[in-house]
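Hi everyone, and thanks for making time today. Please have a look at the chain on the screen, and then I'll walk you through it.

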Amino acid sequence: DSVGVYDFIIVGGGTAGLVIANRLSEDTDTSVAIIEAGDLVFNNKNVSDVDGYGLAFGTAIDWQYESVPQAYAGNKSQTMRAGKALGGTSTINGMAYLRAQAAQIDAWEHLGNDGWNWKSLLPYYKQSEHFQLPTAEQCLAGAAYDIGVHGTTGYLKTGWNNGLLGENVTSLINATYTSTGLPYIQEPNGGSMRGFTRYPATVDRELNVREDAGRAYYLPVQNRTNLHLYTNSFVQRMTWDGASKNSTPRVDGVQFTDASGKQKTISAKKEVILSAGALRSPLILELSGIGNSAILQQHGIDVKVDLPTVGENLQDQTTGAGAYSSNTSFSGTADYVGYFSVADIFGNDTCDFNSTVRGSILQYATSVVEASNGVLDQKVMEKLFMIHYDLIFKDQIPISEILVTPGQDRMDFSYWGLLPFSRGSIHIQSNDSTTPAAINPNYFQLDYDLKQQIGTAKTVRKLAGSDALCEVVTGELSPGLQSVPLNASDDVWAKAVKAGYRSNYHYISTAAMMAQDLGGVVDTNLSVYGVDNVRVVDASVIPFQVCGHLTATIYAIAERAADAIKQRYY
Ligand code: FAD
């Protein structure tokens, strides 16, 4: 039965979806519905607690998708976390607010995305942001910034947590990182990220709570009568406008199960915007008849738009950990990060590594094309991988991130490669929307990814063993000298890396914004190719990995998408 007619329907009240909902409903004559599978979590301590990272994992607000067994990493599957709540994954994430390297956003333009570059995205980063200046004490503890790159009037509060680890600890960690040649940088969010710094978080400092998308973008506008929120409502598919005379197919609504378990259909007069996340939006496209016709037909779905790359190009990163015992206990928020270039990680071996990777590009492309059953194109992948290669070796943008958390009698490092080459996919396995998808990130499919991770693991050991830390660090707990002795071979390191990794939860590109002949799914306005009125606005559209964490960039993309939508209709 039909319960509502709206101008716009937004599927997924998450990080991106709530930005769109807020901006489109600014005009009181425009009606907007948000359909969110999860519930409100404003009173959930696992969300609001600024020191509660991880508390929400495995609870009802974590989708905890499972990957297929990972063929290049011992056939183990991985848990792919994502938030199921108003606010989406921003309610369970690590709250880091870190954008991207300018050159990598500029590279989007080379993928057929005219007008998408750092310079044109920066105003949207700023528009989304309400930067809270650090207190005098936080400044002494190393919180630093360039106000020119921050916004102060946006919805999203960013800044440093109350209770930061203090000045002495910062000096110690700074000395540790700079001992490897990595410079201190004051501002990681201005497009130049290489260095050691103390990064800001998405936090409401006054209330001392997490700043998630719900709190930032929904709460202030929840009373708008033209904005309707359906919670605990699970979208199955979009419906097609059979009466449309348009030669390009149009959708006219969505089907979902409401909070009471009833089947509902609502209508969209203008557009449906999919913001269900990189591990959902492509599935909703497929279930609606937009995707690879071979896959759709296999599951008895009518092909409305044959767009074979829907669900392809899935990219994630892999996280490793290094743990050390310490004779000192620290308590307070650690927001210490180092961003390392290929030369920082590989030193004198950088030239050799460069030659090896350059010589492997054709093979990488072939492997990825084969894994896609020929959906991806050899020449296209060579082109994309050369752009990726140039970012790593010519532009020398950061390739590794290393975080350090000084804690109770220990010091924990976590690290990940920022720019893996491996590509996987996500596809439906049935026409029943509740059947889990086949999610295959193909971790460590290509040897650059493994070598990079090994190089970074070794750098962690170097940091822990630096002169700066030698009075504090007393031993290695993990990976441990027993399993990975000093001077261990790369084979030994590889075993340890593959045995101990997890998903970095930075899934992107499953409905990539690229030219259609490069395998794109959406155009520069984030409209799905071949459909008149469907957009994807979430991490799915990000075509290449970013060096920062994802939300900062997703908020900016969503602000920009809202402008594009307004341009068409307002
Ligand atoms: P989401 O925010 O996930 O929104 C999707 C929404 O759609 C969800 O609310 C979901 O419930 C809903 N939905 C899904 N399917 C349906 C359906 N069928 N019907 C209705 N609703 C549906 N990024 C950072 O910037 N900093 C960090 O520190 C950081 N740490 C992270 C830690 C973890 C554990 C994880 C998992 C991620 C982390 N990230 C971090 C990544 C970042 O949080 C996500 O990439 C980002 O929030 C994704 O935004 P999105 O809009 O694409 O999707």
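Let me start with a small puzzle: does E559 count as buried or exposed? Keep in mind while you think that this is a predicted model. The answer is that E559 counts as buried, because its relative accessibility is 0%. You can find E559 in helix α15, which covers residues 550-569. And what is E559 in contact with, leaving aside its neighbours within four places in sequence? The partners there are V19, R23, Y124, Q127, S128 and Y217.

Two of those names take us to our next stop, since V19 and R23 are among the buried residues of α1. Helix α1 runs over residues 15-24, and 10 of its 10 residues are buried, so the rest of the structure largely encloses it. If you want to click through them, they are T15, A16, G17, L18, V19, I20, A21, N22, R23 and L24.

Let's pause on L24, which sits in helix α1. L24 is buried, and its relative accessible area is 0%. Now, how far apart in space are L24 and I565, C-alpha to C-alpha? They are 541 residues apart in sequence, and in space the separation is 8.1 Å. L24 also touches I565, along with F8, T30, V32, I273, A562, K566 and Y570, if we do not count residues up to four places away in sequence.

Let's zoom out to the whole chain. It has 570 residues, and a compact globule of that length would have a radius of gyration near 25 Å; the chain comes to 23 Å, which agrees. The C-alpha trace spans about 75 × 55 × 40 Å along its principal axes. In secondary structure we have 15 helices and 24 strands. Buried residues account for 62% of the 570. Here is one I like: take the contacts between residues at least 6 apart in sequence, and 74% of them join residues at least 24 apart. As for the surface, the chain exposes about 20,500 Å², with carbon and sulfur atoms supplying 48% of that.

Next, two helix pairs. Helix α3, residues 102-109, and helix α4, residues 118-128, have axes that come within 9 Å and cross at roughly 115°. That makes α3 and α4 roughly perpendicular to each other. On the α3 side, A102, I105, D106 and W108 meet W118, L121 and Y125 of α4. By class, this contact of α3 with α4 has 6 nonpolar residues, no polar ones and 1 charged.

The other pair is α11, residues 350-371, with α13, residues 447-464: they pack at an angle of about 150°, and their axes are 10 Å apart. So α11 is roughly antiparallel to α13. The residues that meet are F353, T356, V357 and Y364 from α11 and D447, Y448, K451 and Q452 from α13. This contact of α11 with α13 divides into 4 nonpolar, 2 polar and 2 charged residues.

Now a stop at a strand. R237 is in strand β11, residues 234-240. With a relative accessible area of 22%, R237 is partly exposed. Not counting residues up to four places away in sequence, R237 touches V254, Q255, I284, L287, S288 and N431.

Finally, a tour of the loops. S509 is in the loop between β23 and β24, and it is buried, with a relative accessible area of 1%. Leaving aside neighbours within four places in sequence, S509 is in contact with E312, N313, Q315, A539, S540, I542 and P543.

In the loop between β22 and α14 we find P479. The peptide bond from S478 to P479 is cis, with omega near 5°.

And which sign does phi have at N75? It is positive, about 60°, although N75 is not a glycine. N75 lies in the loop between β3 and β4, and it is exposed, with a relative accessible area of 52%. D409 also has a positive phi, about 55°, and is not a glycine. You'll find D409 in the loop between β18 and β19, where it counts as partly exposed at 49% relative accessibility.

That's the tour, and I'm happy to take questions!

Key. Residues numbered from 1 in each chain as written. Predicted model: local features only at pLDDT ≥ 70, side-chain atom pairs only at ≥ 80, totals over all residues. Heavy atoms only, no water. Buried < 20%, exposed > 50% of the residue type's maximum accessible area, 1.4 Å probe, protein only. Helix = DSSP H or I, 4+ residues; strand = E, 2+ residues; numbered from the N terminus. Axes fitted to C-alpha atoms, helices over the stretch in contact; angles between N-to-C directions. Parallel < 35°, antiparallel > 145°, perpendicular 65-115°, else oblique. Contact = heavy atoms within 4.5 Å. Nonpolar A, V, L, I, M, F, W, Y, C, P; charged D, E, K, R; others polar. Rg over C-alpha atoms; globule rule 2.2 N^0.38 Å. Areas by Shrake-Rupley, 256 points an atom, 1.4 Å probe, with all protein chains shown as cover.
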